[in-house]
Amino acid sequence: MRAIWYETTGPAREVLRFGELERPPPGPGEVRVRVAVSGVNPSDTKRRAGWIGLSMRHSRIVPHSDGAGTIRAKAAVAREGGARYVIDCRREDVASRILELTEGEGVDRVVEVDLAANLDTDVAVLRPNGAIASYSSTSGPELRLDYYPLAFKDVRIHFVQGYLLPAPARRAAVRDLTTWLAAGQLEVRIAKAFPLAETASAHELLESGRAGGKVLVEI
């Protein structure tokens, strides 16, 4: 990543360095931000100059205490996990973007995590005879079904409850996942592991939506 940093205090033109630094991965509870602008504050220049004996807290300092940009962590995680395309649902029209990527054809299947919130979008992007596999409806338990848009595409909605999977299907899933892991074809991203006594913190991290991977409790 492009960056400005200093490794000793002094006049700006003598100590500030511009170049490429390794991009650090976000830690637990953190996100990666693509910074667009960074404000220069008086406190930043005083620290860089070593004003009244201010010392460096680290061996390398990337200056400026505020900035503005775009959070990139979830998109990066998706790409690292093998996603070919990533759509920012807060900034982009999801249905239009999916139809653009598929040249107007749409998709055969949607794996849904919030059916109540996304049903209209799902129907808009599905091809005829397409299917929605939904395992949650986080925003609300009640669904409004607009009959004809679903009927004219012959859409199937499959409600998935992992705890109720038939035993043969569960065994097949475990077998496949184990095979892929052993072959290095599947990587499980671990956000953070907590000791048993801090299980409450593990729950809070998962509920925050910032985990970016599996949250574990070590026993």
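Let's begin with exposure: a residue counts as buried under 20% relative accessible area, exposed over 50%, and partly exposed in between (1.4 Å probe, protein chains only). This is a predicted model, where local features need pLDDT of at least 70 and side-chain atom pairs count only at pLDDT 80 or more, while totals for chains, interfaces and linings use all residues. Residues are numbered from 1 along each chain as its sequence is written, and side-chain values use heavy atoms, with hydrogens and water left out.

## Salt bridges

Side chains of opposite charge can pair when their charged atoms come close. Here, a salt bridge is a side-chain nitrogen of Lys or Arg within 4 Å of a carboxyl oxygen of Asp or Glu. Searching the whole structure turns up seven of them. Three are set out below, with the distance between the closest N and O atoms.

| Basic residue | Acidic residue | N to O distance |
|---|---|---|
| Arg91 | Asp88 | 3.8 Å |
| Arg127 | Asp108 | 3.4 Å |
| Arg144 | Asp120 | 3.1 Å |

In the pair of Asp88 and Arg91, Arg91 is exposed because its relative accessible area is 62%. Its partner Asp88, at 29%, is partly exposed.

The salt bridge between Arg127 and Asp108 connects distant parts of the chain: Arg127 belongs to strand E6 (residues 126–134) and Asp108 to strand E5 (residues 107–112), 19 residues apart. Helices (H or I, at least four residues) and strands (E, at least two) are DSSP runs, numbered from the N terminus. Arg127 is partly exposed at 30% relative accessible area, and Asp108 is partly exposed at 49%.

Arg144 and Asp120 also meet in a salt bridge. This pair, too, links distant parts of the chain, with Arg144 in the loop between E6 and helix H6 (147–151), Asp120 in helix H5 (residues 115–125), and their positions 24 residues apart. Arg144 is exposed, with a relative accessible area of 54%, whereas Asp120 is partly exposed at 49%.

Elsewhere, salt bridges join Glu7, Arg17 and Arg60 into a network.

## Aromatic rings

Which residues do ring pairs link into a cluster? They are Tyr147, Tyr148 and Phe152. Rings of Phe, Tyr and Trp (its six-membered ring) pair if their centres lie within 6.5 Å; planes under 30 degrees apart count as stacked, over 60 as edge-to-face and the rest as tilted. The whole structure holds two aromatic pairs. Tyr147 and Tyr148 have ring centres 5.1 Å apart and planes at 90°, so this pair is edge-to-face. Tyr148 and Phe152 make a tilted pair, 5.4 Å centre to centre with 40° between the planes.

Tyr147 is exposed at 57% relative accessible area, Tyr148 is exposed at 51%, and Phe152 is exposed at 67%.

A charge also meets a ring: Lys46 lies over the face of Trp51, at 4.4 Å from the ring centre. For this, NZ of Lys or CZ of Arg must be within 6 Å of the ring centre and within 35 degrees of the ring normal.

## A nonpolar surface patch

Leu177, Trp180, Leu181, Leu186, Val188, Ile190 and Leu216 form a nonpolar surface patch, together offering about 560 Å² of accessible area. Patches are made of residues with over 30% relative accessible area and no salt bridge; like charges are joined within 9 Å, and nonpolar side chains (Val, Leu, Ile, Met, Phe, Trp, Tyr) within 5 Å. Accessible areas come from the Shrake-Rupley method with a 1.4 Å probe, and for residues only the protein chains shown count as cover.

Helix H7 (residues 167–182) gives the largest share of the patch, three residues. Val188 sits in the loop between H7 and strand E8 (190–195) and is partly exposed at 43% relative accessibility.
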